[in-house]
Amino acid sequence: MFLGKDIIGTPVITVSDGRAIGKVRDIYLTPDCRSVAGIYLGTEGLFSRQSFLVKSADVVTIGQDAILVKHADVVYEEQDLAETEEFWLRRDELQGRPVDTPGGTKVGKVGDVIINHEGEIRGFSLSTVYVAGPIAENNAIARHTIQDVGQEDGSMTVDLEQAEQQELSLA
């Protein structure tokens, strides 16, 4: 497992012919923050800026040194994928998001996402921690302890009891 920031700048390479088709500029997550929805490759064009991405269905594996995709035809213009703006969530939009309990106790703030090689979100690192105990020691919370990712109110809600019993590590 690794942090989302660890793959920023990573080359995206095709399995079919070994060609580099871009570098990761950011990642998109599914609305429930359970998995990577796509890879953002950045923009091109001087006057008519176009954003390019790869859907997760076209990704073979996500590694810290490279992201492998099926072939070069998997790159889409963002405007051709209507679901991106309406449903996908950029990783950088999560950073700094408050994490609290259903009762309103502040737990911390999201620092980054923790991803496995299959593109599943395993948890969230915390940039700030307001509680003592296992969460402060791990400096992270597991995805399965999240009750609400904060799509409506901008604050994630975590089951504190479950979060304190988790064992989440980047090792």
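This tour moves from the whole chain to a group of aromatic rings and then to the charged side chains.

The model is a predicted one, in which local features need pLDDT of at least 70 and side-chain atom pairs count only at pLDDT 80 or more, while totals for chains, interfaces and linings use all residues. Residues are numbered from 1 along each chain as its sequence is written, and side-chain values use heavy atoms, with hydrogens and water left out.

**The whole chain**

Begin with the protein chain in a cartoon view, where there are 4 helices and 16 strands; these are DSSP runs numbered from the N terminus, helices being H or I with at least four residues and strands being E with at least two. Colouring by burial next, one finds that buried residues make up 44% of the 171 residues, where buried means under 20% relative accessible area, exposed means over 50% and partly exposed lies in between, with a 1.4 Å probe and protein chains only. The surface that the protein chain exposes is about 8,700 Å², and carbon and sulfur atoms supply 44% of it; accessible areas come from the Shrake-Rupley method with a 1.4 Å probe, and for residues only the protein chains shown count as cover. Of the contacts in the protein chain with a separation of 6 or more, 49% are accounted for by residues 24 or more positions apart, a contact being heavy atoms within 4.5 Å.

**The aromatic rings**

Now select Tyr28, Tyr40 and Trp88, which ring pairs link into a cluster. Rings of Phe, Tyr and Trp (its six-membered ring) pair if their centres lie within 6.5 Å, and planes under 30 degrees apart count as stacked, over 60 as edge-to-face and the rest as tilted; by this rule the count comes to 2 aromatic pairs. The pair of Tyr28 and Tyr40 is edge-to-face, because the ring centres are 6.2 Å apart and the planes stand at 85°. This pair links distant parts of the chain, with Tyr28 in strand S4 (residues 26-29) and Tyr40 in strand S5 (residues 36-44), 12 residues apart. Tyr28 is buried, at a relative accessible area of 4%, and Tyr40 also counts as buried, at 10% relative accessibility.

Turn next to Tyr28 and Trp88, whose ring centres are 5.4 Å apart and whose planes are at 55°, so that this pair is tilted. Trp88 lies in the loop between helix H1 (83-87) and strand S10 (89-90) and Tyr28 in strand S4, so the pair ties together parts that are 60 residues apart in sequence. Both Tyr28 and Trp88 are buried.

Add Arg90 to the selection: Arg90 lies over the face of Tyr40, at 4.3 Å from the ring centre, where a charge sits over a ring if NZ of Lys or CZ of Arg is within 6 Å of the ring centre and within 35 degrees of the ring normal.

**The salt bridges**

With Arg90 still selected, add Asp26, Arg91, Asp92 and Asp112, since Asp26, Arg90, Arg91, Asp92 and Asp112 are linked in a network of salt bridges. A salt bridge is a side-chain nitrogen of Lys or Arg within 4 Å of a carboxyl oxygen of Asp or Glu, and by this rule the count comes to 7 salt bridges. One of them joins the side chains of Asp26 and Arg91 at 3.2 Å, N to O. Asp26 lies in strand S4 and Arg91 in helix H2 (residues 91-94), so this pair ties together parts that are 65 residues apart in sequence. Both Asp26 and Arg91 are buried.

Finally, select Arg34 and Asp32, which form a salt bridge with the closest N and O atoms 3.6 Å apart; Arg34 counts as partly exposed at 46% relative accessibility, and Asp32 counts as partly exposed at 34%.
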